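Biologist: I am new to this structure and would like to go through it slowly, one question at a time. Could you show it to me before we begin?

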Amino acid sequence: MSDADLDAVHARMIAEAAERGARFAAVRACRHAPTDGCRCRKPRPGLLVSLCAHLKVPPADAVFVGDALSDLRAARGAGMPGALVLTGKGRASAAEVRRAGLATAGVFDDLRAFAVAEVGGG
Ligand SMILES: [Zn+2]
């Protein structure tokens, strides 16, 4: 995906969330290739660590929600609880994530279920 396409995805995501009364404090993405050896590409934790520093949130007080083993490995590497959602790659990843003990914040059907469990509402 080009940088312009990714920017468009983020803009649409932010706009659709705003229509529903939600907002993002920050949006980040690794824009490197797998061969670049950067610190921000999952399963490396660099993106999560820098985002926590930017938002002034201790990693242990945040939760990283993902659908892949690499997501939950990044969370562990950042010292952050990880939650697995069963959407996307989640169902295929679930057995391996559970075996590795990486879903320390739980397993949820989808992001809505996680949000309801974390902050209530519905
Ligand atoms: Zn990167």
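Modeller: Here is a cut-off to start from: a residue is buried under 20% relative accessible area, exposed over 50%, and partly exposed in between. Please keep in mind that this is a predicted model.

Biologist: With that cut-off, is Glu16 buried, exposed or partly exposed?

Modeller: The class in between runs from the 20% limit of buried residues to the 50% limit of exposed ones. Because the relative accessibility of Glu16 is 31%, this residue counts as partly exposed.

Biologist: Which residue forms a salt bridge with Glu16, and how are the two placed in their helix?

Modeller: The two residues sit four apart in helix α1, so they are separated by about one helical turn. The closest N and O atoms of the salt bridge are 2.7 Å apart. The partner is itself exposed, with a relative accessible area of 58%, and the residue that forms this salt bridge with Glu16 is Arg12.

Biologist: What pattern does the chain follow when read along the sequence?

Modeller: The chain holds five helices and three strands, and buried residues make up 27% of its 122 residues. Read along the sequence, the pattern is α-α-β-α-β-α-β-α.

Biologist: Why does the radius of gyration of the chain agree with that of a compact globule?

Modeller: The C-alpha trace spans about 40 × 40 × 30 Å along its principal axes. For a chain of 122 residues, a compact globule would have a radius of gyration near 14 Å, and this agrees with the value for the chain, which is 15 Å.

Biologist: In which sense do strands β1 and β2 pair?

Modeller: Strand β1 covers residues 64–66, and three bridges connect this strand with β2. One of the bridge partners in β2 is Leu84, which is matched with Gly66. The sense in which β1 and β2 pair is parallel.

Biologist: Through which helix does the chain cross from β1 to β2?

Modeller: Between these two strands the chain makes a β-α-β crossover, and this crossover is right-handed. The helix on the path covers residues 69–78 and is α3.

Biologist: What is the bridge partner of Ala83 in β3?

Modeller: Strand β3, residues 106–108, runs parallel to β2, and three bridges join the two. Together with helix α4, residues 90–99, β2 and β3 make a right-handed β-α-β unit. In β3, the bridge partner of Ala83 is Gly106.

Biologist: Are the residues of strand β2 buried or exposed?

Modeller: From β2, residues 82–85, Gly82 and Leu84 point one way, whereas Ala83 and Val85 point the other way. On either side the class is the same, for all of these residues are buried.

Biologist: Which residue forms a salt bridge with Lys42, and which parts of the chain does the pair tie together?

Modeller: The closest N and O atoms of this salt bridge are 2.4 Å apart. Lys42 lies in the loop between α1 and α2 and its partner in helix α3, so the pair ties together parts that are 29 residues apart in sequence. Lys42 is partly exposed at 40% relative accessible area, whereas the partner counts as buried at 5%. The residue that forms the salt bridge with Lys42 is Asp71.

Biologist: Which kind of peptide bond joins Lys42 and Pro43?

Modeller: Pro43 lies in the loop between α1 and α2. Most peptide bonds are trans. Here omega is about 15 degrees, and the bond between Lys42 and Pro43 is cis.

Biologist: What is phi of Lys56 near?

Modeller: Lys56 is found in the loop between α2 and β1, and is exposed with a relative accessible area of 72%. Most residues other than glycine have a negative phi. Lys56 has a positive value, near 55 degrees.

Biologist: How much accessible area do Met13, Ile14 and Phe24 have together?

Modeller: Ile14 lies in helix α1 and counts as partly exposed at 38% relative accessibility. With Met13 and Phe24, Ile14 forms a nonpolar patch on the surface, and the accessible area of the three together is about 240 Å².

Note on methods:
Residues numbered from 1 in each chain as written. Predicted model: local features only at pLDDT ≥ 70, side-chain atom pairs only at ≥ 80, totals over all residues. Heavy atoms only, no water. Buried < 20%, exposed > 50% of the residue type's maximum accessible area, 1.4 Å probe, protein only. Pairing = 2+ DSSP bridges. Right-handed = clockwise from strand over helix to strand, strands pointing away. Patch = residues over 30% accessible without salt bridge, like charges linked within 9 Å, V, L, I, M, F, W, Y side chains within 5 Å. Areas by Shrake-Rupley, 256 points an atom, 1.4 Å probe, with all protein chains shown as cover. Salt bridge = Lys/Arg side-chain N within 4 Å of Asp/Glu carboxyl O. Rg over C-alpha atoms; globule rule 2.2 N^0.38 Å.
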